[in-house]
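Student: I have just opened this entry and would like to understand the words used to describe it. Can we go through them together?

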Number of protein chains: 2
Amino acid sequence: MLTIGSLAKKTGTKVQTIRYYEQIKLMPEPGRTEGGQRRYGDAELDRLSFIRHSRQLGFSLDAIRELLDLGDHPNRPCHEADAIARRQLKQVERRIARLEALRMELNRMVHECSGGRTADCRVLEVLRDHSACLTDHEEIEA
Amino acid sequence: MLTIGSLAKKTGTKVQTIRYYEQIKLMPEPGRTEGGQRRYGDAELDRLSFIRHSRQLGFSLDAIRELLDLGDHPNRPCHEADAIARRQLKQVERRIARLEALRMELNRMVHECSGGRTADCRVLEVLRDHSACLTDHEEIEA
DNA sequence: AGTTGAACCTCTAGTGGCTAGAGGATGTAT
DNA sequence: ATACATCCTCTAGCCACTAGAGGTTCAACT
């Protein structure tokens, strides 16, 4: 039986985060001691590890909820889990593409700066005038 | 003189966002009509464009505040603006590196899925077991 | 001058995914 | 019995907005 603190340590989660996951019903309500402290077993450890790892791979808590549901039905076909992962992959790829464009723009900006007065600063100039940019970078989201 | 709506349209900002920027003192309090409606001039248009463009390049509102301050002192040396931009570039590069690792992991996951039952789903298996991963991907932040 | 209706106003609350802190109770080791 | 680390609940805060309620103003048209 694990206290919330040792569960936190084992999974690399903060204590408050575990309580937060319980509050939003991503983690089940665990057993309690007579004094009211939470005690966890292996099932909870596995579930939290799954959640943490999914978070590290960038899945949203909603997506994780779906994935956990799917894991509870071992006989259903797995294309749903597959679809969620593919969706996540697409999103990651979109973000990378967008950040690459930003990287180029920032790089150019920084290298064109000659280090004079702010009045002539290339960095500020580019920020002032979008048309000095090579790429579009419309949406924010990154 | 521009209404808040036309300023919004010209800069690609939402009306509420402009009011929010005013509230956090990123935008100045504009003049008002007798009836109390906001009216904007060219200075505000320029300032908001600068803000929007900086946001598109991923700068935080705090960084933008600094950049705006710097722009107001044309005779100061520009290495501060330069440093802010370099910081931003570094952050973008870190995010790209992290997302690249995620991309590889997700790609592997998705391609190893054979489309059977969820019990044998490679996607769920990888999520369950971090040691099946090639990379570390410790922090979340992405 | 009166009427319509789009755009404006303020204020409050919600989003995601936590994080921090107050103020007090419990559990364990000595 | 005592110390004190860890636990408890509850509230509020973070970033950068976004949405909606409920009411007012502006500009155009008749």
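Tutor: What follows is a set of short questions about terms and the values behind them.

Tutor: Keep one point in mind: this is a predicted model.

Student: Why is Asp82(B) called buried?

Tutor: Buried means under 20% relative accessible area. Asp82(B) has 12% relative accessibility, so Asp82(B) counts as buried. Its place is in helix H5 of chain B.

Student: What is Asp82(B) in contact with, leaving aside neighbours within four places in sequence?

Tutor: Its partners are Val110(A), Cys113(A) and Val123(A). Contact requires heavy atoms within 4.5 Å.

Student: What makes Arg98(A) buried?

Tutor: The cut-off is under 20%. Arg98(A) comes out at 10% relative accessibility and therefore counts as buried. Arg98(A) belongs to helix H5 of chain A, residues 79-112.

Student: How do you know that the side chain of Arg98(A) makes a polar contact with Gln56(B)?

Tutor: A polar contact needs N or O atoms within 3.5 Å. A polar atom of the Arg98(A) side chain lies 2.8 Å from the backbone oxygen of Gln56(B). That distance fits the cut-off, so the pair counts as a polar contact.

Student: Why is Lys25(A) called exposed?

Tutor: Exposed means over 50%. Lys25(A) has 65% relative accessibility, so Lys25(A) counts as exposed. Lys25(A) sits in the loop between H2 and strand E1 (31-32) of chain A.

Student: What is notable about phi of Lys25(A)?

Tutor: Phi of Lys25(A) is near 60°, a positive value, and the residue is not glycine. Most residues other than glycine have a negative phi.

Student: What about Lys25(B): buried or exposed?

Tutor: Lys25(B) is at 65% relative accessibility and therefore counts as exposed. Its phi is positive, about 60°, although Lys25(B) is not a glycine. Lys25(B) lies in the loop between H2 and strand E1 (31-32) of chain B.

Student: Which residues of the largest nonpolar core touch the most other members?

Tutor: That core has 80 residues. Phe59(A), Leu67(A), Met109(A), Phe59(B), Leu67(B) and Met109(B) touch the most other members. In soluble globular proteins, nonpolar side chains tend to be buried together.

Student: What does Met109(A) touch, not counting residues up to four places away in sequence?

Tutor: In chain A, Met109(A) touches Arg122(A), Val123(A), Val126(A) and Leu127(A). In chain B, Met109(A) touches Leu57(B), Phe59(B) and Ala85(B).

Student: Which residues of helix H4 of chain B are buried?

Tutor: H4(B) spans residues 61-71. Its buried residues are Leu61(B), Ala63(B), Ile64(B), Leu67(B), Leu68(B) and Leu70(B). What covers them includes helix H6 (122-128) of chain A. From chain B, the cover includes helix H2 (15-23), helix H3 (42-56) and helix H5 (79-112).

Student: How is chain A divided into domains?

Tutor: Domain 1 covers 4-57 and domain 2 covers 79-132. Their C-alpha centres lie 37 Å apart.

Student: Which residues come nearest to DNA strand D?

Tutor: There are 21 residues around DNA strand D. Gly5(A), Arg19(A), Arg38(A), Tyr21(B) and Thr33(B) come nearest. Sugar and phosphate account for 85% of the atoms of DNA strand D within 4 Å of the protein.

Student: What makes Tyr21(B) a polar contact of DNA strand D?

Tutor: The cut-off is 3.5 Å between N or O atoms. A polar side-chain atom of Tyr21(B) lies 2.8 Å from a phosphate oxygen of DNA strand D. The pair is within the limit, so the term applies. Thr17(B) also has a polar side-chain atom 3.2 Å from a phosphate oxygen of this strand.

Student: Which element gives the largest share of the surface near DNA strand D?

Tutor: H2(B) does, with four residues. By class, this surface has four nonpolar, ten polar and seven charged residues.

Student: Where does Gly5(B) approach DNA strand C?

Tutor: A backbone N or O atom of Gly5(B) lies 2.7 Å from a phosphate oxygen of DNA strand C. Thr3(B) places a polar side-chain atom 3.0 Å from a phosphate oxygen of that strand. On the surface near DNA strand C, the largest share, four residues, comes from H2(A).

Definitions and conventions
Residues numbered from 1 in each chain as written. Chains lettered and ligands numbered in written order. Predicted model: local features only at pLDDT ≥ 70, side-chain atom pairs only at ≥ 80, totals over all residues. Heavy atoms only, no water. Core = buried A, V, L, I, M, F, W, Y, C linked by side-chain atoms within 4.5 Å. Buried < 20%, exposed > 50% of the residue type's maximum accessible area, 1.4 Å probe, protein only. Domains from an automatic or database assignment. Helix = DSSP H or I, 4+ residues; strand = E, 2+ residues; numbered from the N terminus. Near = heavy atom within 4 Å. Polar contact = N/O pair within 3.5 Å; in protein donor to acceptor, adjacent residues only side chain to side chain. Nonpolar A, V, L, I, M, F, W, Y, C, P; charged D, E, K, R; others polar.
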